[in-house]
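Q: Please take a close look at the surroundings of the ligand. I would like the site placed within the rest of the fold.

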Amino acid sequence: MPQRASPLSVIVKSDLEETPRDMSSPAPDMIEQRFSVPFHFPVYFTDGMLRDPGNSVLRQAISRKEPGRRHRFAVVIDSQVARADPVLVRGFQAYACRHDDALDLVAAPHLVKGGELIKNDHLTVLGLQSWLHKLRMDRHACLVIVGGGSVLDMAGYAAATTHRGIRVIRVPTTVLAQNDSGVGVKTAINAFGAKNFLGTFTPPFAVINDHDFIATLPDRDRIAGMAEAVKVAAIRDTVFFEWLETHVERLRSFEPQAMRWMIRRCAELHMHHIGQGGDPFEFGSARPLDFGHWAAHKLENLSGYTLTHGEAVAIGLALDTRYAVTTGMLPEIQGERLYRLLERLGFRLWHEAFEQRDAQGRRQVMAGLAEFQEHLGGDLTVTMLDAIGRGREIHEVRQPLMDGCIDWLRERDHARCA
Ligand SMILES: NC(=O)c1ccc[n+]([C@@H]2O[C@H](COP(=O)([O-])OP(=O)(O)OC[C@H]3O[C@@H](n4cnc5c(N)ncnc54)[C@H](O)[C@@H]3O)[C@@H](O)[C@H]2O)c1
Ligand SMILES: [Zn+2]
């Protein structure tokens, strides 16, 4: 469970400290318990965390609470990241030797398969937990998780449910994980056919965004992660949206400076929303950061996860933007800006999974709305746009209109491909 603050910083209002009650009067049949636990964690932006001998970010991250003592830590790595960088595993071992006064690497790094399918494999979670048990990892030891959003979610979940939460340092290695999922507070695995059905709200102990990892990422995944930047800009920041439009060619050719800035700004906006938005653990019914996601999660599933999360998000953004235009919420010209930006970044705004239908002939993707609502409970709340840079929540989606928007995306796609 979440990284706890020191007991001294927990504010407890205890009835026991108040004037003793008159024992002859009846005892109240309810005592209110109330406390709050502050969370804070650093997100470092760096290059060459292992490669550069002068880089001590990992050491700082692990020992940030007790710099005076030696810290036990273990490492889990996405096997595709390790394959793309053959010196990575040894890099951790060499780093631990260099910082032997502060760090104790308790075992050779453990590799797990990367990609969405790892979130369906509960045996991997158990395997990881059994490994943590064997290593006698306690709540003061650190698990460093290196990988894309899928591995961070899966291994983060395993760690969050071990001893009710051991310290986790996330090292996100994809654009999407560096600008969105890795700096957030959630972990999850898929179960019973539902995406992210099992999971926790668990802020990390620290996050290290190392730009080196982006260099080995396949182009498809580099593009996919930019969907989250378009998302957060569209609902929160007009200036960032305009910046994305202006620099779209630099981003499309993955120019390092542009990528770096895009990741940084997107992570800042994402973190600002979680920290200042008033509902970090999603107790309410709204999930503004999930603009475009009701359809995206369903499409990922219907496509058998051949669509990546980012690709599905791009389609979901276009769909809900078209819905906002159709209902008169958003001027058409602003909708066009969003579709054009996504297309110029390299996204296709249509997928054949939209045509999968149930026995009554209804598009199966529509079930995504009910699933989205069920995930949080309460009223259906879907984020739409009423301007570029300004999200707006609605509580009813007219399905025939939404169906028409899907048809519109298909026509647009066919016209582009013709
Ligand atoms: N917890 C959250 O708040 C949250 C938010 C958004 C998304 N997510 C989840 O994140 C997942 C998607 O994550 P993703 O887009 O990072 O994809 P991913 O983790 O599935 O990675 C994509 C592929 O790239 C490989 N890879 C990762 N980094 C690499 C690197 N540096 N070099 C070479 N290959 C590399 C992976 O092994 C995988 O095959 C989804 O499951 C999504 O639901 C979680
Ligand atoms: Zn997302």
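A: The site comes first, then the elements and domains linked to it.

This is a predicted model. Ligand 1 is surrounded by 32 residues. Gln80, Gly114, Gly148, Gly149 and Ser181 are the closest of them. By class, the shell holds 16 polar, nine nonpolar and seven charged residues.

Which elements build the shell around ligand 1? Six elements each supply at least two residues. Five of them are helices: helix 2 (79-84), helix 5 (149-160), helix 6 (175-179), helix 7 (219-224) and helix 13 (309-326). The sixth is strand 9 (186-191). Helix 5 gives the most to this shell, namely four residues.

The shell also draws on both domains. The assignment for the protein chain gives domain 1 as 40-216 and domain 2 as 275-417. Each of the two provides at least three residues to the shell around ligand 1.

Now follow strand 9 away from the ligand. Strand 9 runs antiparallel to strand 10, and five bridges join the pair. Within this pair, Thr187 stands opposite Thr200 of strand 10. The two strands form a hairpin with two residues between them. Phe192 sits in that turn and has a positive phi of about 55 degrees.

Strand 10 leads on to the domain contact. The centres of domain 1 and domain 2, taken over C-alpha atoms, are 31 Å apart. Eight residues from domain 1 and nine residues from domain 2 make the contact. On the domain 1 side, strand 10 (residues 194-201) gives the most, with three residues. That side of domain 1 is made up of five nonpolar, one polar and two charged residues. So strand 9 supplies the ligand shell, while its hairpin partner serves the contact between the domains. Next, helix 13, another supplier of the shell. The axes of helix 13 and helix 8 (residues 226-236) come within 8 Å, crossing at roughly 35 degrees. From helix 8, the contact uses Ala227, Glu228, Val230, Lys231 and Ala234. From helix 13, Gly310, Val313, Ala314 and Leu317 take part. By class, this helix contact has six nonpolar, two charged and one polar residue.

Domain 2 also holds a hairpin, made of strand 12 (residues 382-387) and strand 13 (residues 390-394). The strands run antiparallel and are joined by five bridges. Met384 has Arg392 of strand 13 as its bridge partner. Two residues lie between the strands, and Gly389 in this hairpin takes a positive phi near 100 degrees.

Last, the whole chain. Its secondary structure comes to 16 helices and 13 strands. Along the principal axes, the C-alpha atoms fill a box of roughly 70 × 65 × 45 Å. The radius of gyration is 23 Å, which agrees with a compact globule, because 418 residues in such a globule would give a value near 22 Å.

Key: Residues are numbered from 1 along each chain as its sequence is written. Chains are lettered from A and ligands numbered from 1 in the order in which they are written. This is a predicted model: local features need pLDDT of at least 70, side-chain atom pairs count only at pLDDT 80 or more; totals for chains, interfaces and linings use all residues. A residue is near a molecule or strand if its C-beta atom, placed from the backbone, lies within 6 Å of it. Ala, Val, Leu, Ile, Met, Phe, Trp, Tyr, Cys and Pro count as nonpolar, Asp, Glu, Lys and Arg as charged, and the others, Gly among them, as polar. Domain bounds come from an automatic or database domain assignment. Axes are lines fitted to C-alpha atoms, for helices over the stretch in contact, and angles run from 0 to 180 degrees between N-to-C directions. Two residues are in contact if their C-beta atoms, placed from the backbone, lie within 7 Å. Two strands pair if DSSP finds at least two bridges between them. The radius of gyration is taken over C-alpha atoms; the globule rule is 2.2 Å times the number of residues to the power 0.38.
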